[in-house]
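This report describes a single protein chain for a reader working at the bench. The text follows the structure shown here.

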Amino acid sequence: MTAQLERRLNIRRGRNPINVFLQKNSAKVIRPLIALAIFMVIWQVLCPPGSQGLPGPLQVLQDTWNPLIINPFFDNGGTDKGLALQIFASLQRVAIGFSLATVVGISLGIAIGANKFLYDALDPIFQVVRTIPPLAWLPISLAAFQQSNPSAIFVIFITAIWPIIINTTVGVQQLPQDYRNVARVLQLSGPEYFFNVLFPATVPYIFTGLRIGVGLSWLAIVAAEMLVGGVGIGFFIWDAYNNSQLSRIIIALIYVGVVGLLLDRLVAYIASIVVPAEHK
């Protein structure tokens with residue numbers, strides 16, 4: 001309400017909203033830009049044109065300008081596609097695997113957190129299985145599914161599910177005893193207790209697990225696609241490496257970093273809407 005009032009006052013005063021935003025966030029905008037410029041200059045000095053090692057930023061820009069930067073949606077068939085289409089293919093796999101991990105992980109986490117017998121029985125197993133590196137699951141999934149795409153999705157699933165289970169379980173176990181006592185006094189039914197007491201109190205822990213899970217998913221899909229092949233940003237990087245196209249690798253890594261940041265911010269934004277105010 002205060003922000004809306006301030007925005008209206010600025011408009012009445014004839015102040016440009018963009019200038020107002022830049023004035024308020026100059027430190028957050030200008031300082032990173034200065035740091036980025038310094039990094040680029042150092043990189044260019046260390047990797048001048050004609051050097052045999054890594055290409056400098058100007059060389060990367062020259063090598064990838066057309067079509068990777070100006071036309072990221074080109075499609076020449078097969079795996080010869082623009083970076084936007086490669087990223088989209090990877091995001092599809094992450095969306096399926098992460099969605100499955102979310103549903104299964106939250107359900108299991110609530111069941112394990114609410115039932116001490118299940119917790120005692122499954123927690124030691126989970127503590128061992130969750131330490132297995134994601135790519136170690138790839139041969140098992142290839143043997144089970146016989147296809148690369150479902151195998152990559154399974155790697156995403158098995159990577160993302162552990163932080164979701166663990167954080168959801170902790171959230172249920174950290175439910176204050178006062179909440180349980182009030183539920184008993186009010187004689188809430190099972191569904192009423194779940195939807196009005198247990199689940200709202202657990203939501204902050206669930207979103208902590210989801211943020212960790214989506215970050216791990218994005219890391220795992222890039223590595224998995226390098227091994228299974230097909231369209232995807234991971235195979236694009238691996239194919240560029242095999243053809244000694246370092247500039248393509250560098251521009252792809254920038255895409256990967258930006259998309260990973262956007263995924264994390266998206267989950268954080270959803271959490272800011274869903275998490276009850278008293279639990280923030």
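Ile-30 belongs to helix H3, which covers residues 26-46. The model is a predicted one. Ile-30 counts as partly exposed because its relative accessibility is 45%, a value between the limits of 20% for buried and 50% for exposed. Together with Ile-34, Ile-38, Ile-42 and Leu-46, Ile-30 makes a nonpolar surface patch of about 490 Å².

**Annotated regions**

An unreviewed UniProt entry lists residues 29-46 as a "transmembrane region", along with 94-113, 125-145, 151-172, 193-212, 218-238 and 250-275. In the model, residues 94-113 are 100% helix and 0% strand, and the C-alpha atoms at the two ends are 27 Å apart. Residues 125-145 are 62% helix and 0% strand, with 24 Å between the end C-alpha atoms.

The unreviewed UniProt entry also places the feature "domain: ABC transmembrane type-1" at residues 87-267. That span is 86% helix and 0% strand in the model, and its end C-alpha atoms lie 18 Å apart.

**The largest pocket**

The largest pocket holds about 240 Å³ of space. Which helices each supply at least two residues of its lining? They are helix H5 (83-114), helix H10 (190-228) and helix H12 (246-274). H5 gives the largest share, 6 residues. The residues that line the pocket include Leu-91, Val-94, Ala-95, Phe-98, Ser-99 and Thr-102. Leu-210, Val-214, Leu-263, Leu-266, Val-267 and Ile-270 are also among the lining residues.

**Salt bridges**

Side chains of opposite charge can pair when their charged atoms come close. Across the whole structure, 5 salt bridges are found. Three of the pairs are set out below.

| Lys or Arg residue | Asp residue | N to O distance |
|---|---|---|
| Lys-81 | Asp-75 | 2.9 Å |
| Lys-116 | Asp-120 | 3.0 Å |
| Arg-265 | Asp-264 | 2.8 Å |

Is Lys-81, the partner of Asp-75, buried or exposed? Lys-81 is buried because its relative accessible area is 15%, and the limit for a buried residue is under 20%. Asp-75, on the other side of this salt bridge, counts as partly exposed at 45% relative accessibility.

Lys-116 and Asp-120 both lie in helix H6 (residues 116-129). They are 4 residues apart, which is about one turn of the helix. Lys-116 is exposed, with a relative accessible area of 60%, whereas Asp-120 counts as partly exposed at 44%.

Arg-265 and Asp-264 meet through their side chains, and a network of salt bridges links these two residues with Arg-211.

**Backbone features**

Most residues other than glycine have a negative phi, and most peptide bonds are trans. Where is a cis peptide bond found? The bond from Asn-66 to Pro-67 is cis, and its omega is near 10°. Pro-67 lies in helix H4, which covers residues 57-69.

Gln-146 is a residue other than glycine with a positive phi, near 65°. Gln-146 sits in the loop between helix H7 (138-145) and helix H8 (148-173). It counts as exposed because its relative accessible area is 64%, and the limit for an exposed residue is over 50%.

Gln-187 is not a glycine either, and its phi is positive at about 55°. Gln-187 is placed in the loop between helix H9 (177-185) and H10. With a relative accessibility of 69%, Gln-187 counts as exposed.

**A distant pair**

Gly-78 is found in the loop between H4 and H5. Gly-78 is exposed, with a relative accessible area of 55%. How far apart in space are Gly-78 and Val-170, C-alpha to C-alpha? The two residues are 46 Å apart in space, and 92 residues apart in sequence.

Methods:
Residues numbered from 1 in each chain as written. Predicted model: local features only at pLDDT ≥ 70, side-chain atom pairs only at ≥ 80, totals over all residues. Heavy atoms only, no water. Patch = residues over 30% accessible without salt bridge, like charges linked within 9 Å, V, L, I, M, F, W, Y side chains within 5 Å. Areas by Shrake-Rupley, 256 points an atom, 1.4 Å probe, with all protein chains shown as cover. Salt bridge = Lys/Arg side-chain N within 4 Å of Asp/Glu carboxyl O. Buried < 20%, exposed > 50% of the residue type's maximum accessible area, 1.4 Å probe, protein only. UniProt positions renumbered as here; feature names shortened; annotations may be inferred. 1 Å grid on protein atoms, 1.4 Å probe; cavity = no way out; pocket = protein on both sides within 12 Å on 5 of 7 lines; lining within 4 Å. Points joined across faces, edges and corners; volume = space filled by probe spheres on them.
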